[in-house]
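I set out to record the charged pairs, the fold and the nonpolar core of one protein chain. The entries follow in the order in which I looked things up.

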Amino acid sequence: MSAVSMYLVFGPADTLRRMPAQLFSSIEPKYTYKYDSSDHNDEVHVAVFEEYEKQINASVTLTCIVEITGKQNRFILKKTGGRMGFRGSSLDEEKRTIDDEVTDFILDFAKRFGLTVQKEQDQETEEGDSK
């Protein structure tokens with residue numbers, strides 16, 4: 001199981017450019033960074049979301065990288081942190097994590113505005129499945 005999720009979102013350029021701002025206003029990140037490319041009119045947004053899990057006494061962070069090219073948005077979600085492997089470390093299955101919230105936002109936004117979402121497969125996962 002990979003801790004990295006990648007989504008491609010296709011649609012009109014104006015709608016794609018509004019997506020990160022609405023994501024960051026609905027789910028507030030702890031840190032943000034924005035890069036504008038003057039050569040290609042591309043944007044890169046990096047946000048770090050942090051969530052404290054009281055049950056396991058640890059923080060879980062989600063790094064979200066949004067690459068906007070005008071034709072598509074690429075969302076790269078990398079989840080880190082937390083504790084595993086000791087008794088009592090399992091979380092409630094019903095509890096929504098920050099990863100679930102960001103993924104649901106991407107899918108919901110795309111559905112509301114008629115965008116196309118495609119989940120990218122990790123190359124390591126593809127190579128492992130083919131063997």
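**Entry 1: salt bridges.** I count a salt bridge when a side-chain nitrogen of Lys or Arg lies within 4 Å of a carboxyl oxygen of Asp or Glu. I note at the outset that the model is predicted. By this rule I obtained five salt bridges.

I looked up Glu-67 and found that its side chain pairs with Arg-74, with 3.9 Å between the closest N and O atoms. This distance satisfies the rule, because the cut-off is 4 Å. Arg-74 also forms a salt bridge with Glu-120, where the closest N and O atoms are 2.9 Å apart. Arg-74 belongs to strand β5 and Glu-120 to strand β6 (residues 116–120), so this pair ties together parts that are 46 residues apart in sequence. I therefore recorded Glu-67, Arg-74 and Glu-120 as a network of salt bridges.

Are the members of this network buried, exposed or partly exposed? Glu-67 is partly exposed at 28% relative accessibility, Arg-74 is partly exposed at 25%, and Glu-120 is partly exposed at 22%.

I next examined Asp-108 and Arg-112, whose side chains meet in a salt bridge at 3.2 Å, N to O. The two residues are four apart in helix α2, which means that about one helical turn separates them. Asp-108 has 39% relative accessibility and counts as partly exposed; Arg-112, at 49%, also counts as partly exposed.

**Entry 2: fold.** I listed three helices and six strands in the protein chain. Read from the N terminus, the order of elements is β-α-β-β-β-β-α-β-α. Among contacts with a separation of 6 or more, 57% join residues 24 or more positions apart.

**Entry 3: surface and burial.** I found an accessible surface of about 8600 Å² for the protein chain, with 47% of it belonging to carbon and sulfur atoms. Of the 131 residues, 34% count as buried.

**Entry 4: nonpolar core.** Which residues of the largest nonpolar core touch the most other members? Of its 22 residues, these are Leu-23, Phe-49, Phe-75, Val-102 and Ile-106. The elements that each supply at least two core residues are β1 (4–10), α1 (13–26), β3 (43–53), β4 (58–68), β5 (72–81) and α2 (98–113). Helix α2 gives the largest share, six residues.

I then followed Ile-106. Setting aside neighbours within four places in sequence, Ile-106 is in contact with Tyr-7, Val-9, Met-19, Phe-75, Leu-77 and Val-117.

Key
Residues are numbered from 1 along each chain as its sequence is written. This is a predicted model: local features need pLDDT of at least 70, side-chain atom pairs count only at pLDDT 80 or more; totals for chains, interfaces and linings use all residues. Side-chain values use heavy atoms; hydrogens and water are left out. A nonpolar core is a set of buried Ala, Val, Leu, Ile, Met, Phe, Trp, Tyr and Cys residues joined through side-chain atoms within 4.5 Å. Buried means under 20% relative accessible area, exposed over 50%, partly exposed in between (1.4 Å probe, protein chains only). Contact means heavy atoms within 4.5 Å. Accessible areas come from the Shrake-Rupley method with a 1.4 Å probe; for residues, only the protein chains shown count as cover.
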